[in-house]
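Here are some exercises to work through with the model open beside you. Try each task before you read its solution.

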Amino acid sequence: MSEPEPAADGEATSFDLTGALNQLAGLVLSRETVETALELVTSVATTATADTMGAGVTVVDEQGKRSRAASNPWVERADALQYELDEGPCLTAWRSGELVRIDDTTTDGRFPRWNEWAARLGVRSVLSAPLVAAGESIGAMKVYGERPSTYGERDERVMEQLARQAAILLANAQSLREARRHTRQLTEALASRDAIAHATGILLARGTASPRDAFGALAATARRVDRTVEEVARALVDQVTARDADSPGP
Amino acid sequence: MTRHDRHHQIQAARLRADLSVQDLWLAYVALGGSGDAFDVDGYLQGVVSLDTFEQDVLAQAVNEGLADVYRAARVPLSTSGIGDGAVPGNLRAIVEHLLEQPPRIADARDEGATDDPP
């Protein structure tokens, strides 16, 4: 039996790329969160590339909120440094939408400050792929190696394919999170609308001419006490309910 | 203040309150507004007209958004309780007053909201 590492041609022998891609594609999205999806992508990236000592994924959602996963604390540190210094392979991959490979952080001149810190953390090789979903760059995934020239053309191809699948998975997980957020906001909006409708009804029963006038009165009150219309409406409904509870029943 | 440039004011306030059109529409619906998101977007762009009441609801929604921003930026005083705005008793009293003497007919409401320069 020969070594599992093939010369350059072996697509199937060294690593089960198809299996990994299926794993990413086959997730039951309704049960997955952005966080579990990030962790999965990170672990697949670690095993998919040879001699990788750490991997990380960062995505940003519609609100500009960043989520990330890292296989270990120093990967997290190396990632955080990119944002602090505003330079680094992943930021470039993210912004340019193109793969970035560093063969040796001690000689690469593109990210001088980040390279210096990365080398101190023990990172010598980097491969970072952008996560592009529906034509939009939503983040980047990267693998780090402790020896120079860890990554070659084969790793680039593997990372590109993984990133393509991972981007779809992460974009879907984000959409799901967005959908949940919208549902929650809508429910809250309806509850507020109900409270205002109740308060309007009470005012109408007491002789206010129209719903518009009732809203005007609630808004004027809200302005006087520096509250929201919803708060005033709720206070009004509460007060009436409390009063009715106090008065003796028929 | 003509009705024509009110949408500009609301649009400017929306940006200041850092609300997306979607967020503003939702806040407006929460207050009882009945236009859809396209009506609101179109109104803000000056290509759709909203009736005065819907405009008022939208103005209230954006004003509450602005109030949130200012409230979050307020600096608390060392003497706690002072400067925190209305006290709860205040709200009770004023609501009580509102219940005792609800406005009956459309009175000429003060144009308080339009006093401030944009």
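**Exercise 1. Find which residues A:R124 is in contact with, leaving aside its neighbours within four places in sequence.**

Step 1. Apply the contact rule: two residues are in contact if their C-beta atoms, placed from the backbone, lie within 7 Å. The partners of A:R124 are then A:D104, A:T105, A:A119, A:G145, A:E146, A:R147 and A:P148.

Step 2. Place the residue: A:R124 sits in the loop between helix 5 (112–121) and strand 4 of chain A. Helices (H or I, at least four residues) and strands (E, at least two) are DSSP runs, numbered from the N terminus.

Step 3. Check one partner by distance. A:T105 is 19 residues from A:R124 along the chain, yet their C-alpha atoms are separated by 5.0 Å.

Step 4. Decide on burial. A residue is buried if 20 or more other C-beta atoms lie within 10 Å of its own, exposed if 12 or fewer, and partly exposed in between, with C-beta atoms placed from the backbone. A:R124 has 22 such atoms within 10 Å, so it is buried.

A word on conventions: this is a predicted model, in which local features need pLDDT of at least 70 and side-chain atom pairs count only at pLDDT 80 or more, while totals for chains, interfaces and linings use all residues. Residues are numbered from 1 along each chain as its sequence is written, and chains are lettered from A and ligands numbered from 1 in the order in which they are written.

**Exercise 2. Work out the strand order of the sheet in chain A.**

Step 1. Pair the strands; two strands pair if DSSP finds at least two bridges between them. Strand 1 (residues 54–60) and strand 2 of chain A are joined by 5 bridges and run antiparallel, with A:V60 opposite A:R66 of strand 2.

Step 2. Assemble the order: the 5 strands form an open sheet, 2-1-5-4-3, with antiparallel pairing. Strand 2 (66–70) and strand 3 (100–102) of chain A each have a single partner strand, so they stand at the edges with one side left without a neighbour in the sheet.

Step 3. See what lies across the strands. Helix 6 (residues 153–205) of chain A lies across strand 1, strand 3, strand 4 (125–133) and strand 5 (136–145).

**Exercise 3. Identify the residues that touch the most other members of the largest nonpolar core.**

Step 1. Build the core as a set of buried Ala, Val, Leu, Ile, Met, Phe, Trp, Tyr and Cys residues joined through C-beta atoms within 7 Å.

Step 2. Rank its 46 residues: A:V41, A:L131, A:M141, A:A166, A:A167 and A:L170 touch the most other members. Helix 6 of chain A supplies the largest share of this core, 10 residues.

Step 3. Look for another core. One of 41 residues lies apart, and its members include A:V225, B:V29, B:V57 and B:A61.

**Exercise 4. Describe the side of chain A that touches chain B.**

Step 1. Count: the contact takes 32 residues from chain A and 26 residues from chain B.

Step 2. Assign elements. Helix 6, helix 7 (211–225) and helix 8 (229–246) of chain A each give two or more residues, and helix 7 gives the most, with 11 residues.

**Exercise 5. Find where pLDDT stays under 50 in chain A.**

Step 1. Start from the average: pLDDT, the predictor's confidence in each residue from 0 to 100, averages 84 over chain A, and 87% of the residues score at least 70.

Step 2. Locate the stretch: pLDDT stays under 50 over residues 1–13 of chain A. Where pLDDT is low, the predicted coordinates should not be read in detail.

Methods: Axes fitted to C-alpha atoms, helices over the stretch in contact; angles between N-to-C directions.
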